[in-house]
Structures are given as structure tokens and as C-alpha cells.
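Hi,

Here is the structure I promised to pass on. Have a look at it first, and then read my notes below.

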Amino acid sequence: MLSRSELARLIDGPALDREIERLGKMGGGWINAATVLSRRINWTVDWADLGTAGSRFRIVGSRGEAVIFWDDAAESPTLVKLRGREENGYGSAGFGCILTRDSHGRVAYAPGTLDQALQRERLSWEALGFSCRLMDIIEEEAGLLLAQDFIEGTAPTEKEIHAYMIAHGWEWQRDSREVSPTLAHHAWRRGDIGAFDANETNFIKAAADGLIYPIDLIVWHWPQ
């Protein structure tokens with residue numbers, strides 16, 4: 001388990017400052033993105049001093065449920081995802097969305113706990129053969145560090161994603177009345193497991209072997 005100050009020292013502070021400045025200069029909604037990025041990191045580490053230039057974790061960006069870093073100390077290219085609490089800027093997803101039933105009885109998203117985030121990664125390994133590995137937990141469950149092998153490639157087309165999912169036994173939920181209409185187009189089911197948010201941004205088509213890898217799907221038990 002890492003303390004907040006230990007996590008802070010792992011983060012390349014100057015690189016983070018440059019990214020926040022870059023986003024702010026873009027104006028408009030990017031100013032809010034810069035604010036969220038700063039809050040996600042600084043509030044998680046409780047404003048402890050960040051590391052110097054060249055520290056292990058170098059910022060890539062902030063998207064969806066996580067802040068993403070390069071792990072410059074890893075033996076092979078590795079991304080690190082920092083997830084955290086809602087009050088620290090991570091929004092209504094908690095430590096990562098899971099599946100539930102909404103007030104109309106349809107399958108929808110709900111915020112997940114830290115333990116559920118780890119279970120979600122395990123389910124992704126079992127159902128899809130690729131996901132993140134647990135790196136560390138920040139003290140008092142203030143944050144969660146996940147490591148994922150970096151795969152160089154390009155985003156597959158929707159047609160390629162559909163072919164991949166169907167070949168692996170998944171059923172598209174586009175026309176399912178059981179799924180919230182806002183989620184159904186990118187929702188799949190195989191038995192008692194759902195794989196949601198299956199869009200082009202959450203897959204990579206590897207340059208090395210031409211295979212498609214799921215890198216950030218919401219994989220969870222189908223709600224009863």
C-alpha cells in the first residue's frame with residue numbers, strides 16, 4: 001500500500017504542470033479539463049509535493065474514469081491508470097462503473113467501489129483475455145493504481161469490433177429492451193456477463209499482430 005506522499009513523489013510534477021498549462025491555453029471546455037486533472041491528482045495526494053522532472057509516472061492524460069501515466073521504470077511499455085474517489089474529481093463513476101438496474105428496470109451504469117473495480121478487471125481477463133493488473137492501493141483507499149501493457153496500433157473500425165465480439169460469442173444488445181437506450185449501441189452480452197462501452201476508443205488493433213485488444217471496456221455481471 002502506498003501513502004499519499006509516496007504516490008506524489010512518483011509523479012513527474014513538471015510534466016503535469018505543462019499538461020495542465022497546455023489544456024488551459026486551449027480555452028473553452030479545456031479549462032475545466034485542466035481543473036479536473038489537477039484536482040484528480042492533487043486532491044488524491046492531499047497536496048503533497050509531486051516528484052521532480054524524470055520521476056517514474058509521466059502524465060499521458062485524463063479520460064473517463066482515470067488519469068493515465070507512462071510508467072518510465074517499467075521493463076516494457078506500460079500505462080498506469082490512477083482511479084479515485086468521486087469527491088477527488090473522478091465523477092459519478094466511483095472507482096469505475098459497474099452494471100445495475102435503473103428505475104425502469106433496464107441495465108444501466110452505477111458507480112463501483114475499489115473492490116468492485118478490481119473484480120471488474122478480473123472479469124475482463126476471464127471474458128476478454130486482456131485487462132489491467134493491480135499495481136497498488138493508496139492509503140485509506142484514496143486511490144487505485146492499475147498497470148496495463150501498452151499496445152502500439154490504431155483504433156479498429158466498428159465493423160471490426162463487431163466481428164471480433166461475435167467471433168468470441170458475444171451478442172449485440174442494440175435492440176434489447178432490457179438495456180438503457182443510451183448504452184445499447186455499444187453493449188454486448190455473453191451468458192451472465194455484460195461488456196459495455198465497446199466503442200472504437202476502447203479497443204486497439206495491434207500493429208505487431210493485427211489482433212484486436214479490448215483496453216477499457218466495462219465488464220460486469222449481468223444484473224438480475
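A warm-up while you have it open: is Phe-150 buried, partly exposed or exposed? Phe-150 has a relative accessibility of 35%, so it counts as partly exposed. Keep in mind throughout that this is a predicted model.

Aromatic pairs

I'll stay with Phe-150 for a moment, as it belongs to one of the aromatic pairs. The count of such pairs comes to eight. In one of them, the ring centres of Trp-70 and Phe-150 are 4.9 Å apart with the planes at 65°; edge-to-face needs an angle over 60 degrees, so this pair is edge-to-face. Trp-70 sits in strand β2 (residues 66-71) and Phe-150 in the loop between β7 and β8, so the pair ties together parts that are 80 residues apart in sequence. Trp-70, at 25% relative accessibility, is partly exposed as well.

Another edge-to-face pair is made by Tyr-109 and Phe-196, with 6.2 Å from centre to centre and 65° between the planes. This one also links distant parts of the chain: Tyr-109 is in strand β5 (residues 107-111) and Phe-196 is in strand β11 (residues 193-196), 87 residues apart. What about their burial? Tyr-109 is partly exposed at 29% relative accessibility, whereas Phe-196 is buried with a relative accessible area of 0%. Together with Trp-222, Tyr-109 and Phe-196 form one aromatic cluster.

While you are around β11, take a look at Asn-199, in the loop between β11 and β12. Its relative accessibility is 12%; buried means under 20%, so Asn-199 counts as buried. Leaving out residues up to four places away in sequence, Asn-199 touches Ile-161 and His-186.

Sheets

Next, the strands. Five of them make an open sheet with antiparallel pairing, in the order β1-β2-β3-β7-β6. Why is one side of β1 and of β6 left without a neighbour in that sheet? Both β1 (57-63) and β6 (133-138) stand at the edges and have a single partner strand each, so one side of each stays free of a neighbour there. From one strand to the next, the twist averages 25°.

Inside this sheet, β3 (residues 78-84) and β7 (residues 143-149) run antiparallel and are joined by seven bridges. If you want a spot to click on, the bridge partner of Lys-81 in β7 is Leu-146.

There is also an open sheet of three strands, in the order β8-β12-β13 and again with antiparallel pairing. Its edge strands, β8 (153-154) and β13 (212-214), each pair on one side only. Three bridges hold β12 (residues 203-206) and β13 in their antiparallel pairing, and Lys-205 has Ile-212 as its bridge partner in β13.

Helices

Last, a helix pair. The axes of α2 (residues 13-25) and α3 (residues 29-42) come within 7 Å and cross at roughly 155°. Over 145 degrees counts as roughly antiparallel, so that is how α2 and α3 lie to each other. On the α2 side, the contact includes Leu-16, Ile-20 and Leu-23, and on the α3 side Trp-30, Leu-37 and Ile-41 are among the residues they meet. The residues of this contact divide into nine nonpolar, two polar and one charged. Which residue of α2 is the charged one? That is Glu-19.

Cheers

Notes. Residues are numbered from 1 along each chain as its sequence is written. This is a predicted model: local features need pLDDT of at least 70, side-chain atom pairs count only at pLDDT 80 or more; totals for chains, interfaces and linings use all residues. Side-chain values use heavy atoms; hydrogens and water are left out. Two strands pair if DSSP finds at least two bridges between them. Helices (H or I, at least four residues) and strands (E, at least two) are DSSP runs, numbered from the N terminus. Axes are lines fitted to C-alpha atoms, for helices over the stretch in contact, and angles run from 0 to 180 degrees between N-to-C directions. Angles under 35 degrees count as roughly parallel, over 145 as roughly antiparallel, 65 to 115 as roughly perpendicular and the rest as oblique. Contact means heavy atoms within 4.5 Å. Rings of Phe, Tyr and Trp (its six-membered ring) pair if their centres lie within 6.5 Å; planes under 30 degrees apart count as stacked, over 60 as edge-to-face and the rest as tilted. Buried means under 20% relative accessible area, exposed over 50%, partly exposed in between (1.4 Å probe, protein chains only).
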